[in-house]
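Work through the exercises below with the structure open. Each task is followed by a solution in steps.

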Amino acid sequence: MNDRPSVVWFRQDLRIADNPALHRAASSGRRLICVYIHEDDDPAVEGMPSPRKPGGAARWWLHHALAALDQDLRAIGGHLLYLKGPAAVELDRLIDRTGADCVLVNRVYDPEGAARDRMLTERLAARGVRLLSHNALLLHEPWTVRTRTGGPYQVFTPFWRAARALGQVPAPLPAPAQIDMAGTAPAGVPLAAFGLAPVIDWAGGIARDWTPGSADGRRRLGDFLDRHLPDYKSDRDHPGADITSRLSPHLRFGEIGPRTIWHAVHHRIEAEGLSGPARASAQGFLGELGWREFSYHLLHHFPHLPTRNLKHQFDAFPWRDDPAGLAAWQRGLTGYPIVDAGMRQLWQTGWMHNRVRMVTASFLVKHLMIYWATGEAWFWDTLVDADPASNTASWQWVAGTGADAAPYFRIFNPVLQGERFDADGRYVRRFVPELARLPDRFLHKPWTAPASVLTAAGVTLGTTYPHPIVDHAHARDRALAAFAGLRATTGPADTPAAAL
Ligand SMILES: Cc1cc2nc3c(=O)[nH]c(=O)nc-3n(C[C@H](O)[C@H](O)[C@H](O)COP(=O)(O)OP(=O)(O)OC[C@H]3O[C@@H](n4cnc5c(N)ncnc54)[C@H](O)[C@@H]3O)c2cc1C
């Protein structure tokens, strides 16, 4: 048997169960070196692209997720080696030191990470080391779902139909019962040396809501299946009900894999004989995993998704520069309660409900006419689930600049959205407590309340809570006029360039 060790390089797959790279390495019977390489502060080497740096909230998550992975590995006889520096250099050093002849990874799909893996494969091959890659992140890899002519999809529904037609999703792999670590591995650096945990503790609200690590991902999945799966479809749009799975950060860091979720949901469908609305609800939940897959499909086929409008007609759109509006949006002080509640939930807890993500993003892009990438960057910094594919694809969807996007001319009315999806005001009252005593009928439009009602609720507009920073009707007209101007010069921009 080959007595040279194998390196298992963890990236976006911070789990030991259903981890094909770890499973394959452990099954080979070889000794292993399990490693995470932190390259945040180091420049790229030899023209190798660097993946986008995680934002603040994601760095907090990553710190704790790595500690949890280390614990999980220790339980099966291993541990996680922390290395710091450019990945290519650190891998070279590790191979020199240990004599490893094989590096196993699970694939990443962001353009920089994927390009770097291609370069590393060649670089390592030149010294006789194989880089073996696997799929842990997706149900189906982006290139396996194809249109009849072999191209990528740009519309969700046919994409998801084609993805489901690919057949059974493979069953998740078990965690190895035991792994054998190579004794020649270097000591590495302590996790603290990565500098991921905040120096000033601003993350208290995030820590109250979240526990990074696979164990909590599995707990959340079980809890969601037990309590909310049958009602998911009817209640998922109501932020106050808070019944969605909240699996997004666990999926983002690969602490739980989509195959595990897929099979657990199907097991419930079969085991409990779900039918009618409950079955449709379960399928609806799986459809949301489909949107995640679609985002990765788009990112793979359109690698400029994070930086450029997919509908290039929008390159000529007259986006506004509005620092005061942007600051009010970021701080949750726009004067529109549903928008402010969402932005404060994001700041306080590192997460925001999907419906409110759509409303807040739409407000920035349409009411304030600020370019979507500005909002995307704020979400990237503040979301614990900030994802290279889902964040950019969703922002382009809301802005109307992306594939299968909400048309630009469809402008959310933040008052009606609040009244419809937070009718009892539970959500707004939680995150905008200064409005908590307003009666429901004024809660989403406090400026319409009579002075006596405001006084009785302890609200002084302009002092305890802002007036709306922009009038909805005016903002709507302004956005529509800009859009009409764009259409007049570039032609229709509301139809995907190649709807398939
Ligand atoms: C402007 C904007 C930005 C977003 N940024 C991100 C992001 O950075 N990371 C992220 O994971 N999601 C993002 N989303 C999608 C969605 O809001 C979150 O995935 C969802 O709110 C996570 O909560 P949950 O886990 O309870 O979701 P559930 O409703 O329980 O759904 C289960 C899983 O399906 C996936 N999912 C659900 N909805 C979507 C969607 N619309 N697009 C892609 N995947 C989806 C997620 O992985 C989620 O965990 C964004 C949406 C918008 C409108």
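**Exercise 1. A loop residue and its backbone**

Task: In which loop is Met 369 found, and does it count as buried or exposed?

Solution. This is a predicted model.
Step 1: Met 369 sits in the loop between helix 14 and helix 15 (372–382).
Step 2: Count neighbours. A residue is buried if 20 or more other C-beta atoms lie within 10 Å of its own. Met 369 has 20 C-beta neighbours inside 10 Å, so it counts as buried.
Step 3: Check the backbone. Met 369 is not a glycine, yet its phi is positive, about 55 degrees.

**Exercise 2. A second positive phi**

Task: Place Asp 242 and classify its exposure.

Solution.
Step 1: Asp 242 lies in the loop between helix 8 (232–235) and helix 9.
Step 2: Its phi is positive, about 55 degrees, although Asp 242 is not a glycine.
Step 3: Asp 242 has 13 C-beta neighbours inside 10 Å, so it counts as partly exposed.

**Exercise 3. The sheet**

Task: What is the strand order of the open sheet of five strands, and which strands stand at the edges?

Solution.
Step 1: The order is 3-2-1-4-5, and the pairing is parallel.
Step 2: Strand 3 (81–84) and strand 5 (130–134) each have a single partner strand, so one side of each has no neighbour in the sheet. These two are the edges.
Step 3: Neighbouring strands are turned by 30 degrees against each other on average, direction ignored.
Step 4: Go through the pairs. Strand 1 (residues 6–10) and strand 2 (residues 32–38) are joined over five bridges. Strand 1 and strand 4 pair over three bridges. Strand 4 and strand 5 pair over five bridges.
Step 5: Fix the register. Val 8 stands opposite Cys 34 in strand 2. In strand 4, the bridge partner of Val 8 is Leu 104. Val 105 stands opposite Ser 133 in strand 5.

**Exercise 4. Faces of a strand**

Task: How many residues of strand 4 are buried, and which lie on each side?

Solution.
Step 1: Five of the five residues of strand 4 are buried.
Step 2: In a regular strand the side chains alternate between the two faces of the sheet.
Step 3: Cys 102, Leu 104 and Asn 106 are on one side of strand 4, and Val 103 and Val 105 are on the other. Both faces are covered.

**Exercise 5. A helix on the sheet**

Task: Which strands does helix 1 touch, and how many of its residues are buried?

Solution.
Step 1: Helix 1 (residues 20–27) packs on the sheet and touches strand 1, strand 2, strand 4 (102–106) and strand 5. Its direction makes about 145 degrees with that of strand 4.
Step 2: Six of the eight residues of helix 1 are buried, so the helix is largely enclosed by the rest of the structure. They are Pro 20, Ala 21, Leu 22, His 23, Ala 25 and Ala 26.
Step 3: Strand 1, strand 2, strand 4 and strand 5 are among what covers these buried residues.
Step 4: Gly 29 follows helix 1, with a positive phi near 80 degrees.

**Exercise 6. A helix residue and its contacts**

Task: Is Leu 73 buried or exposed, and what is it in contact with beyond its neighbours within four places in sequence?

Solution.
Step 1: Leu 73 belongs to helix 2 (residues 56–74).
Step 2: Leu 73 has 23 other C-beta atoms within 10 Å, so it is buried.
Step 3: Outside those sequence neighbours, Leu 73 is in contact with Ile 16, Cys 34, Gly 78, His 79 and Leu 80.
Step 4: Look further along the chain. Gln 178 is 105 residues from Leu 73 in sequence, with a C-alpha to C-alpha distance of 9.0 Å.

**Exercise 7. Domains**

Task: Which domains does the assignment give, and how many residues of domain 1 are in contact with domain 3?

Solution.
Step 1: The domain assignment gives domain 1 (6–136), domain 2 (138–171 + 213–301) and domain 3 (312–490).
Step 2: The C-alpha centres of domain 1 and domain 3 lie 39 Å apart.
Step 3: Eight residues of domain 1 are in contact with nine of domain 3. The domain 1 side has four nonpolar, two polar and two charged residues.

**Exercise 8. The ligand shell**

Task: Which residues come nearest the ligand, and what classes make up the shell?

Solution.
Step 1: Of the 27 residues around the ligand, Thr 244, Ser 245, Asn 354, Asn 391 and Ser 394 come nearest.
Step 2: Helix 9 (248–252), helix 11 (276–301), helix 14 (354–367) and helix 16 (390–399) are the elements that give two or more residues to the shell.
Step 3: The shell has eleven nonpolar, eight polar and eight charged residues.
Step 4: Domain 2 and domain 3 each supply at least three residues.

How values were computed: Residues are numbered from 1 along each chain as its sequence is written. This is a predicted model: local features need pLDDT of at least 70, side-chain atom pairs count only at pLDDT 80 or more; totals for chains, interfaces and linings use all residues. A residue is near a molecule or strand if its C-beta atom, placed from the backbone, lies within 6 Å of it. Helices (H or I, at least four residues) and strands (E, at least two) are DSSP runs, numbered from the N terminus. Ala, Val, Leu, Ile, Met, Phe, Trp, Tyr, Cys and Pro count as nonpolar, Asp, Glu, Lys and Arg as charged, and the others, Gly among them, as polar. Domain bounds come from an automatic or database domain assignment. Two strands pair if DSSP finds at least two bridges between them. Axes are lines fitted to C-alpha atoms, for helices over the stretch in contact, and angles run from 0 to 180 degrees between N-to-C directions. Two residues are in contact if their C-beta atoms, placed from the backbone, lie within 7 Å. A residue is buried if 20 or more other C-beta atoms lie within 10 Å of its own, exposed if 12 or fewer, and partly exposed in between; C-beta atoms are placed from the backbone.
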